[in-house]
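Colleague: I would like to go through this model with you step by step, beginning with local backbone features and ending with the way the parts pack together. Could you answer each point with the reasoning behind it?

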Amino acid sequence: MTGKKGSARYTSFYQEPGRYKGILSWLMSTDHKRIGIMYTLALLSFFAAGACAGLLMRLSLIAPGKILSAQTYNEVFTVHGIIMIFLFVIPGIPVAFGNFFLPILIGARDVAFPRLNRLSWWLYLTGAAIIFLSLSLHGRPPDTGWTFYAPLSVESQANISVAVFGVFVLGFSSILTGLNFVTTVHRLRAPGMGWFRLPLFVWTLYATGWVQMLATPVLAITLVFIILGRFLGVGFFDPAKGGDPILYEHLFWIYSHPAVYIMLLPAMGIISEIIPVFSKERIFGYTAIALSAIAIASVGSLVWGHHMLTSGMSDTARVIFSLITFIVAVPSGVKVFNWVATLYKGSIVIVTPLLYALSFILLFSIGGLTGLIIGALAPNLKLHGTYFIVAHFHYVMFGGAGFAILAGLHYWFPKTTGRMYDEVKAKIGWLVLFIGFNALYFSMFILGYQGMPRRYFDYPPQYFTGHLVSTIGSWILAAGLIIIFGNLVRSAFKGKKAPANPWQGRTLEWQIPSPPPAENFEKLPVIRGDRYEVKRKG
Amino acid sequence: MGVDYEGKKIGMWMFLFTELLFFGGMFLLYSVFRYRFPLDFHAAAAHENVWLGSVNTFILLTSSFAIALAISAMRKGRSRLSASLQLATIGMGIAFLCIKSVEWATKIQLGLYPNSPVLLQKGPGEVLFFGLYYVMTGIHGLHVLIGICVIAFMVVLTRRKKITRQNPIKLENTGLYWHFVDIVWIYLFPLFYLIT
């Protein structure tokens, strides 16, 4: 994507000569746009690796024991989880789109701490390298599941310490990104860009930044305890030494439930940007959407116990956690209603980003509402250990965060690359992906309801049909991904030249050339008049 | 573009929030285990040397005072005095670590360290107490060590006139970090030494 010719009037950030040449001009760059592009490419490569592990699991499940042994199956689902969660969805939207667009959206030239931003990127690469090292080192790859539950993670013979240390380094990267973004939003808004004129994507990144800062350190110290347990025999989670494995689960989920919102909040932000642009309407209930992001971030930090409803907690604690889980659904519902109200009577233009946004609303609603089923105490007892959870989780993570990432990739493609993607191929890709997705994961809801336990590599014959449908779905989904990314890669090099504002968007990124110049704005913009996000055209 | 003083301050405070939560995880474990095994904790704390702990508390508090003076001196433009006070802070930080290592060495000689045969003979609460003791003072000590390195860096920057009266933000943020490390110790000291 580098050798592109810019127009005569300006130099894009791709061509900007820096202090370094070649690959170093990227790795040493502090330009938030270059860092964003590098993150995007890295994320998508890891996504491809994680998807391959997922396909392998699905393949093994239609012929249990023939393709993967039980032990290898454990390793593959662990690797799938670690890569997808820690290397793809958690960093996901903030590091890729947040880096590229946050400064532009608030009218700034860069983030508050550009060199710290580069350090985050290096830490991310280091963490990823350490995780891949844990797969290839002498000994077995991690086999505990991505949650590293004690006591298994303390006693397992696999390379747990290396993988856990990689996650620790990634956590550092995530904390610094959150800190950077929150400071950026506080300090670098353009003149006139008041809090309630911020684009909604910025609001969600802001809320996400706080969650990253306040939740990740708890995970970090928990991971340190695992490493200390393995090397020094410190037994905080070992009942033989007075410790308690349930405490591990508490500490782990104090981080990892808020992490769900690290993945989802910015996804909701992208959807809130896309829907008004393609329905040619002002966003309905701007303030409610903005504040619901803060509400989700704060209430979402108090619901971790619903991951442990069957682990052994007092009944009082279970009732309270279940209740707060229901409460946290309210601000999510506020967002869904506002999106639908924005679409209502709008002049809807069906293009690929909107298709992803619409399917996001559907899939996220299914994921969210099934979340309430398992958040209620009685059904949780039946469903907690089953595929129902796996289906719910993938509807929220892939149908939610994943579809939003694809929405963002298409929506901002003209701006980041300066080229248009092929609309017809993109739509075909979306359709194939959507069909494959539902075949793959909806069958898991049914399997789970019938009682198929999660994490098992084998099962009684009555579950075969469900598994077969799911595996066929995984192939369709893979075909969809190949069409989508084939189209995007080809378009990045051969697509039509993109104008500055192909979608008639009103936010600031569309007011500057595609791809943006190195300094984003020649003169810092001054925001005037009505609320920025809801300003009518013309 | 000039230095964004406010922005850097905000950034540092937020970093300290994250540190607070990092230590928070350990304090959470401490509270749970002490609630479960109050008598064991009580008995185990008798092995701590209150005298050395008090001296260390005194040293660390004084070092915090020294770095606060270093910042005041810098604001008044007396950068040489500031550099000396920073060196004094480093000196006290090193003294703290020396005393800490003496304490650790004494305990290890007695066979009191995680997973040691002596320790595993004792009650579960005592095993946990010493586990927490080593982890929490160890990670705190690591923070002191990092602080010493950062202040040493600040001394160099002060001498090279990179930190000045007009631009003292790096030194001020270092000061904030050092105070944070100090405050953590103020909680560690009673929780491990004074609960007998």
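Colleague: In which loop, between which helices of chain A, does A:Pro151 lie?

Modeller: This is a predicted model, and everything I say refers to it as such. The peptide bond that leads from A:Ala150 into A:Pro151 is cis, with omega near 0 degrees. As for its place, A:Pro151 belongs to the loop between helix H5 (114-136) and helix H6 (152-155) of chain A.

Colleague: The peptide bond from A:Ser514 to A:Pro515 also deserves a look; near what value is its omega?

Modeller: A:Pro515 is found in the segment of chain A that comes after H17. The bond that joins A:Ser514 to A:Pro515 is cis, and its omega is near -15 degrees.

Colleague: A:Asn520 has a positive phi; is this residue buried or exposed?

Modeller: A:Asn520 is found in the segment after H17 of chain A, and its phi is near 65 degrees, a positive value in a residue other than glycine. The cut-off for burial is 20 or more other C-beta atoms within 10 Å. Because A:Asn520 has 21 C-beta neighbours inside 10 Å, the residue counts as buried.

Colleague: Where in chain A does A:Lys280 lie?

Modeller: A:Lys280 is not a glycine, although its phi is positive at about 50 degrees. With 13 other C-beta atoms within 10 Å, A:Lys280 is partly exposed. Its position in chain A is the loop between H9 and H10.

Colleague: What is the relative direction of H9(A) and H10(A), parallel or antiparallel?

Modeller: Helix H9 (residues 245-279) and helix H10 (residues 286-299) of chain A pack with their axes 11 Å apart and at an angle of about 175 degrees. Angles over 145 degrees count as roughly antiparallel. The two helices, H9(A) and H10(A), are therefore roughly antiparallel to each other.

Colleague: Which residues of H9(A) and H10(A) make the contact?

Modeller: By class, the contact of H9(A) with H10(A) has 6 nonpolar residues and 1 polar residue, while no charged residues take part. The residues that make the contact are A:Tyr261, A:Leu265 and A:Ser272 from H9(A), together with A:Ile289, A:Ala293, A:Ile296 and A:Ala297 from H10(A).

Colleague: Turning to the domains, which element gives the largest share of the side of domain 1 of chain A that touches domain 2 of chain A?

Modeller: Chain A is divided into domain 1 (28-269) and domain 2 (352-506), and 25 residues of domain 1 are in contact with 20 residues of domain 2. On the domain 1 side, two or more residues each come from helix H2 (32-62), helix H3 (70-89), helix H4 (92-105) and H9 of chain A. The largest share of that side, 9 residues, is supplied by H2(A).

Colleague: In chain B, what is the handedness of the crossing of H1(B) and H7(B)?

Modeller: Helix H1 (residues 5-36) and helix H7 (residues 169-193) of chain B pack at an angle of about 15 degrees, and their axes are 10 Å apart. Angles under 35 degrees count as roughly parallel, and H1(B) and H7(B) are therefore roughly parallel to each other. The crossing of H1(B) and H7(B) is right-handed.

Colleague: Which residues outside its sequence neighbourhood, that is, not counting those up to four places away, does B:Ser64 touch?

Modeller: B:Ser64 has its place in helix H3 (residues 50-75) of chain B. Because there are 21 C-beta neighbours inside 10 Å, B:Ser64 counts as buried. Not counting residues up to four places away in sequence, the residues that B:Ser64 touches are B:Trp178, B:His179 and B:Asp182.

Colleague: Finally, which helix gives the largest share of the side of chain B that touches chain A?

Modeller: Chain B has 7 helices and 0 strands, and 25 of its residues are in contact with 26 residues of chain A. H1 and helix H6 (124-159) of chain B each supply at least two residues of the side that touches chain A. By class, this side of chain B has 15 nonpolar, 8 polar and 2 charged residues. Its largest share, 15 residues, comes from H1(B).

How values were computed
Residues are numbered from 1 along each chain as its sequence is written. Chains are lettered from A and ligands numbered from 1 in the order in which they are written. This is a predicted model: local features need pLDDT of at least 70, side-chain atom pairs count only at pLDDT 80 or more; totals for chains, interfaces and linings use all residues. Axes are lines fitted to C-alpha atoms, for helices over the stretch in contact, and angles run from 0 to 180 degrees between N-to-C directions. Helices (H or I, at least four residues) and strands (E, at least two) are DSSP runs, numbered from the N terminus. Angles under 35 degrees count as roughly parallel, over 145 as roughly antiparallel, 65 to 115 as roughly perpendicular and the rest as oblique. Two residues are in contact if their C-beta atoms, placed from the backbone, lie within 7 Å. Ala, Val, Leu, Ile, Met, Phe, Trp, Tyr, Cys and Pro count as nonpolar, Asp, Glu, Lys and Arg as charged, and the others, Gly among them, as polar. A crossing is left-handed if the near helix is turned anticlockwise from the far one by less than a right angle, and right-handed if clockwise. Domain bounds come from an automatic or database domain assignment. A residue is buried if 20 or more other C-beta atoms lie within 10 Å of its own, exposed if 12 or fewer, and partly exposed in between; C-beta atoms are placed from the backbone.
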